[in-house]
Amino acid sequence: MAGGVAWFLTKPEPWPVSHWEGLGEPDLANGEQVFWAGGCTSCHATSKSEGDARLVLTGGLPLKSPFGTFHVPNISPDESAGIGSWTLAEFGDAMTRGVGRNGEHLYPSFPYGSYARLTSKDVNDLWGFLKTLPKSTNVAPPHDLPFPYDLRLVLGAWKLLFFTDKPRVTVDTGNPKLARGQYLVEGPGHCGECHTPRNTLGGFEADRWLAGAPNPEGEGRIPNITPGSKSIGAWSESDIVTYLETGFTPDFDSVGGSMVEVQKNLARLPAGDREAIAAYLKAVPTRE
């Protein structure tokens, strides 16, 4: 009996098929904007790729973590090595529910905990755009995880504890700019995945949203980006917008580390989206 209850509480939960029906033809221009906001190329393209090579989502990048090494999958439209044979529902459930096409739990190294906030329209538009990109036949290696992290069954319990599509913080969503900024930062931008500290189980410390965290892939720390930050707390909204567009800080330093790729992506967004991100970052609760 207890085992049955545990399974029911932790089983994969894709959306009903009807959730992905009736969305119509994807808006490819919007899909491209979701692509850049989501940073797909930063993990799924070959490391340090430039130009059109950034659109070849070949996968294979190793992501080191305290739980083992995850290898980023090929998400090009190749039918065998990539996701070209997937349906919109399979793609959408992976993106927003962390459920694979075979009904399995996905590891949260793929930031579905953030992408869960994507609208169905944006998922449909992104899916349409991804299908226009070049195919890659590269087959990414499997994850290299020690026991018990190699057991996907435990991911159901992790989701029960930490998976949510609710807002991370409270801001004035009656303000369209703040509402858009919250959507971009907490959703496709998945900024909290690196900038928020985690507990020993890998869940966010909810009261430390964007307060900075150890670098999950190496030495050093990912900075605090709340108004209490020693790095950017004194920056104005305009300073943040300029940084996201050009990569230059107010004191004429330049973007570095893993933020280089993020800044490249965000520079492709409309100016209004960068302004919305900046407004949100100045409105979140101060953490020091």
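## Salt bridges

This predicted model holds 11 salt bridges. Among them is the contact between Arg-97 and Glu-13, with N and O 3.6 Å apart. This pair links distant parts of the chain, 84 residues apart. Arg-97 sits in helix H4 (residues 88–97). Glu-13 sits in the loop between helix H1 (2–10) and helix H2 (28–38). Arg-97 is buried, at 18% relative accessible area. Glu-13 is partly exposed, at 39%.

Helix H4 also takes part in the salt bridge of Arg-101 with Glu-90, because Glu-90 lies in that helix. The closest N and O atoms of Arg-101 and Glu-90 are 3.3 Å apart. Arg-101 belongs to the loop between H4 and helix H5 (112–115), so the pair ties together parts that are 11 residues apart in sequence. Arg-101 is partly exposed, with a relative accessible area of 34%.

## A bridge within helix H6

Asp-125 and Lys-121 form a salt bridge whose closest N and O atoms lie 2.6 Å apart. Both residues are in helix H6 (residues 120–130). They are four residues apart, so about one helical turn separates them.

How exposed is each partner: buried or partly exposed? Asp-125 is buried, with a relative accessible area of 2%. Lys-121 has 46% relative accessibility and counts as partly exposed. Asp-125 is buried because its value falls under the 20% cut-off.

## A salt-bridge network

Some charged residues join in a network. Glu-50, Arg-54, Glu-261 and Lys-264 are linked by salt bridges in this way.

## Aromatic pairs

The count of aromatic pairs comes to 11. One of them joins Phe-204 and Trp-209. Their ring centres are 5.8 Å apart, and their planes meet at 75°. The pair is edge-to-face. Phe-204 and Trp-209 are both buried.

Trp-235 and Tyr-243 have ring centres 5.2 Å apart and planes at 65°, so this pair is edge-to-face. Why does that angle qualify as edge-to-face? The planes are at 65°, and the class is edge-to-face because the cut-off is over 60 degrees. Trp-235 is buried, at 13% relative accessibility. Tyr-243 is buried, at 13% relative accessibility.

## An aromatic cluster and a charge over a ring

Phe-110, Tyr-112, Tyr-115 and Phe-163 make up one aromatic cluster.

Arg-97 also meets an aromatic ring. It lies over the face of Trp-15, 5.2 Å from the ring centre. Arg-97 thus has two contacts described here: the salt bridge with Glu-13 and the place over Trp-15.

Definitions and conventions. Residues are numbered from 1 along each chain as its sequence is written. This is a predicted model: local features need pLDDT of at least 70, side-chain atom pairs count only at pLDDT 80 or more; totals for chains, interfaces and linings use all residues. Side-chain values use heavy atoms; hydrogens and water are left out. A salt bridge is a side-chain nitrogen of Lys or Arg within 4 Å of a carboxyl oxygen of Asp or Glu. Helices (H or I, at least four residues) and strands (E, at least two) are DSSP runs, numbered from the N terminus. Buried means under 20% relative accessible area, exposed over 50%, partly exposed in between (1.4 Å probe, protein chains only). Rings of Phe, Tyr and Trp (its six-membered ring) pair if their centres lie within 6.5 Å; planes under 30 degrees apart count as stacked, over 60 as edge-to-face and the rest as tilted. A charge sits over a ring if NZ of Lys or CZ of Arg is within 6 Å of the ring centre and within 35 degrees of the ring normal.
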